[in-house]
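I opened the model to look up a few things: cavities, a sheet, the nonpolar cores and one loop residue. My notes follow.

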Amino acid sequence: MTYYGNIREEELKLKVGEEFFSAFDRTAILGNVDFCIAAKSGDGKQLTFDYERESFLWAESKRGSVDLLEAFTQLVLTIGKARTFDRYLPPAFLGAFDADKIGFIPYSAVIDVFYQNDFNWNVTPSDHATKEFQQVRELIEKTIKQGSYVYNYATDAEELARFIKANFQSNRQDVSCIRVTKNNFVSIYLKWRSSVMPTIDIKWDSAKRQGILDADFYLADLLSEHDLTLKDKLNVVLRQTRYELNRRIDDLGLFNASSAEFADERAKHIEFWNKYVRPPKREYWDYIIERRDLLIPQDVRERKGSFFTPSVWVAKAQEYLAAALGENWQEEYTIWDCCAGTGNLEAGLVNKYNIWASTLDKSDVDVMLDRIANGANLLPSHIFQFDFLNGDFADLPEGLRTIINDPEKRKKLVIFINPPYAEAATTRTITGTGENKAGVADHSLNKKYKPRIGAAVNELFALFLMRIHEEIPGCVLGQFSTLKHLIAPNFQAFRDAFCGKLEKCFLVPADTFDNVKGQFPIGFFVWSWRDETEGTEGTEGTNAVGKQEGVSHPMFNSSHVSHKSHKSQISVQATAFSSAIADVYDRKDNFIGTKTICAVSRERVINTWLHGFFEQNGEPIGWLCFVPNDFQHNNGVFIDSKPSESLIRESRVATITRRNFYVIAIYNAVRHCIEHTWLNDRDQCLWPNDGWKSDREFQTDCLAYTIFSRSNNIKSADGVNHWIPFTEAEVNAQDKYASHFLLDYMAGRWRPETTEPQGQLELLPVAAEELDDYRTPIVFSPEAQAVFDAARELWRYYHAQPNANPNASFYDIREHFQGRNARGTMNPDSPDATYTALLDAFKAVYRILSDKITPNIYRYGFLVG
């Protein structure tokens with residue numbers, strides 16, 4: 001029995017508010033946030049809730065007893081979808097409570113979630129089945145486990161009261177001023193940007209090209225007192241009536257600076273800052289400066305690489321460098337981070353005399369210098385501003401330049417980087433609805449390297465790697481990146497040009513990196529370029545760093561990841577990369593196995609194989625819509641009865657006929673029957689070997705899989721449904737079907753003749769003399785037959801409904817029982833308990849069939865893992 005019993009949610013909110021928050025105003029309604037706690041006015045009257053009103057808590061409420069992580073996730077989606085933090089000052093805490101307990105997490109602990117790149121916030125927050133819900137859940141799970149405060153009403157009432165009293169205190173110094181904190185400095189910046197920024201008399205485009213952003217002016221304002229900036233080592237400082245920037249000492253030893261005035265004699269500036277207390281508490285200064293990336297526009301962050309590398313992976317990378325170069329590597333090698341940002345990668349390095357760090361942004365240089373003043377183990381003279389993709393190496397500091405210019409000294413140079421990941425193309429440019437990103441596709445090095453590396457010039461990290469390869473030969477390179485340069489078909493030219501020996505590598509989830517969303521791997525790779533006279537010893541490098549062997553993990557299928565040992569076998573020398581076995585770590589830094597990484601050319605991908613089975617003349621029974629060859633695009637592979645004009649225009653549609661029916665079924669099964677994970681997200685589906693041609697059971701298993709696949713979107717409303725797998729009598733249909741194609745096909749009543757048009761028989765998976773196997777009824781495997789049996793019960797239940805459509809497809813049946821939401825999307829479940837039970841039974845046997853198909857996908861070379 002719960003503390004409050006099984007009462008309704010509205011009643012629960014009233015009782016929790018009265019018992020634990022009676023000293024506060026709990027009447028405010030902020031959009032769809034369930035529960036809001038704020039300070040009461042001094043005279044006890046209710047205050048109007050505008051942007052300046054300060055909250056202590058925004059919370060999600062749930063009746064009964066629930067998983068608070070789910071409730072927190074729903075709250076974050078609710079806030080993010082409505083961008084509540086743009087209209088109201090964020091609270092000190094987010095909360096979630098049910099009839100048993102209440103939990104709190106500091107708002108600052110989840111602020112990054114709201115500033116993810118290109119996240120789809122247009123999902124229903126209460127729909128726990130969406131991929132966005134799961135994505136946010138995973139993002140905040142670790143934060144909640146490490147930084148949440150959970151109290152049980154029955155046993156922790158005293159501790160809960162103490163927590164509320166200690167933490168729900170106003171940051172205001174008086175009724176009109178709001179103190180800036182690490183919770184609200186981003187939302188206040190957004191208000192500043194619309195109010196103060198337009199009044200600063202400066203050409204913003206020109207300033208941006210010099211690396212000076214509006215965020216720098218905001219920080220100058222924020223970290224000031226009496227309109228004088230308190231920290232000198234900022235890109236911009238406020239000097240009462242003007243801003244100073246580009247401050248420097250000239251050749252005569254005189255101080256010089258440019259200045260920017262206010263166009264309105266500071267009227268808006270004064271009006272705005274009269275609402276806030278500044279500077280923030282001293283304890284927040286370093287945090288705010290280091291999180292300047294939250295104030296930088298997305299396109300600038302991508303080009304500059306303003307994304308923090310988590311400390312756990314920094315330490316892991318240094319561990320792998322030590323394994324490759326020896327335990328004394330920091331004494332024996334010079335280290336240069338040529339895109340250092342604020343110096344994350346340098347944390348943990350011990351020999352400051354051997355460390356150099358450069359960055360594009362002067363303010364990042366200032367942050368690093370400030371960190372040195374506060375104890376960071378770096379030399380000020382080794383920190384400098386440098387544009388690695390455009391700068392001349394002749395302008396480097398002499399000590400570093402001497403190393404780069406000496407072939408022998410270069411052998412003891414480690415370039416240690418997490419380079420910018422920006423690419424020219426986005427989803428919109430791929431689909432023809434947008435333009436390439438400015439500042440990426442038109443980069444100055446594009447012209448130099450495009451003849452050699454082709455489309456790879458659109459990736460900034462590839463340009464970093466190429467310049468290192470070409471102009472600092474013989475060094476050691478340790479770099480973070482996605483796997484694109486190793487496996488993407490359009491990077492083959494890059495691989496041909498970028499020749500080196502891969503000494504070590506490991507893979508981790510991308511969303512553990514700050515400001516990176518999505519479920520895909522990011523790797524760390526240690527490369528060396530050896531003199532040919534050093535021989536070929538070491539073709540099988542070791543990737544072992546003292547971890548145990550034989551590790552297994554439930555997220556991996558044994559077909560995907562080898563657990564025999566995590567000692568990598570690197571099959572490359574000073575030649576183009578072909579394959580490697582990488583160590584794999586989960587988000588908690590647990591070693592969970594190894595994974596094969598293979599280079600893929602355009603000629604080897606599955607879509608090239610599929611083109612050999614395109615059919616132009618046969619009668620269509622549907623259309624296959626397809627996308628690029630990797631797992632991240634698999635949701636774009638589906639079967640339809642009426643493809644869109646845009647898909648046809650983009651040549652992303654293949655006609656399905658009786659001749660290529662098996663091949664299409666195999667293609668669909670290969671793309672969908674293996675569950676998508678962060679680790680296989682970039683895996684490429686390949687041109688298979690010939691083994692599949694003689695495996696009749698594999699073919700029929702794939703056929704059964706595709707007939708009932710959720711990617712089969714055949715709808716009777718769009719035309720004749722040729723995909724009905726049961727006779728009218730089997731399911732008690734209320735009328736005769738319009739098409740018996742699938743029934744005839746499975747019964748072997750298709751009789752291809754040798755007189756068919758020249759070349760058409762080549763679309764079959766067998767030679768003409770083996771056609772007899774395709775003229776007899778299909779005998780499905782026990783696993784496939786179990787799927788048919790479970791599906792038949794669903795069909796029967798549907799046809800027992802009033803006015804059931806005799807030509808209904810599986811898609812139609814699901815739509816009938818599950819319905820659609822207000823946005824027109826099919827609901828994930830149904831209120832019909834019988835249908836739900838039948839569907840659950842079907843899903844169980846369908847998963848068994850998928851698991852049976854999976855090993856053959858690897859056996860026949862459709863995937864290499």
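Before sorting a cavity lining by class, I fixed the classes: Ala, Val, Leu, Ile, Met, Phe, Trp, Tyr, Cys and Pro count as nonpolar, Asp, Glu, Lys and Arg as charged, and the others, Gly among them, as polar. I also noted that this is a predicted model.

**Cavities.** I looked for cavities of 30 Å³ or more and found five. I picked the second largest, with a volume of about 130 Å³. It is lined by 13 residues, and Ile487, Cys598, Asp683, Gln684 and Val864 are the closest to its centre. How many residues of each class line the second largest cavity? I got eight nonpolar, two polar and three charged. Then I asked which strand gives the largest share of this lining. Strand β23 (residues 591-598) does, with four residues.

**Sheet.** Next I traced an open sheet of four strands. I read the order as β26-β24-β25-β27, and the pairing is mixed. Which strands stand at the edges? They are β26 (653-656) and β27 (712-713). Each has a single partner strand, so one side of each has no neighbour in the sheet. I followed β26 to its partner: β24 (residues 622-625) pairs with β26 in the antiparallel sense, over four bridges. Within that pair, I found Gly622 bridged to Ile656 of β26.

**Cores.** I then turned to the nonpolar residues. The largest nonpolar core holds 73 residues. Trp609, Phe708, Phe842 and Phe862 have the most contacts inside it. I listed the elements that give this core two or more residues; among them are β26, α22 (606-611), α24 (661-672) and α30 (833-859). I checked what Trp609 touches, leaving out residues up to four places away in sequence. The list is Val663, Ile666, Tyr667, Trp687, Pro688, Trp692 and Phe862. Another core lies apart from the largest one. It has 62 residues, including Leu30, Leu68, Ile111 and Val196.

**A loop residue.** Last, I looked up Leu294. Where is Leu294 found? It sits in the loop between α10 (282-290) and α11 (298-304). Is Leu294 buried or exposed? Its relative accessible area is 7%. The cut-off for buried is under 20%, so I count Leu294 as buried. I also compared Leu294 with Asp112: they are 182 residues apart in sequence, yet 7.9 Å apart in space, C-alpha to C-alpha.

Conventions: Residues are numbered from 1 along each chain as its sequence is written. This is a predicted model: local features need pLDDT of at least 70, side-chain atom pairs count only at pLDDT 80 or more; totals for chains, interfaces and linings use all residues. Side-chain values use heavy atoms; hydrogens and water are left out. Buried means under 20% relative accessible area, exposed over 50%, partly exposed in between (1.4 Å probe, protein chains only). On a 1 Å grid over the protein atoms alone, a cavity is a set of points where a 1.4 Å probe fits but cannot get out, and a pocket is an open set with protein on both sides within 12 Å along at least five of seven lines; lining residues have an atom within 4 Å of a point. Grid points are joined across faces, edges and corners, and a volume is the space filled by probe spheres set on the points. Two strands pair if DSSP finds at least two bridges between them. A nonpolar core is a set of buried Ala, Val, Leu, Ile, Met, Phe, Trp, Tyr and Cys residues joined through side-chain atoms within 4.5 Å. Contact means heavy atoms within 4.5 Å.
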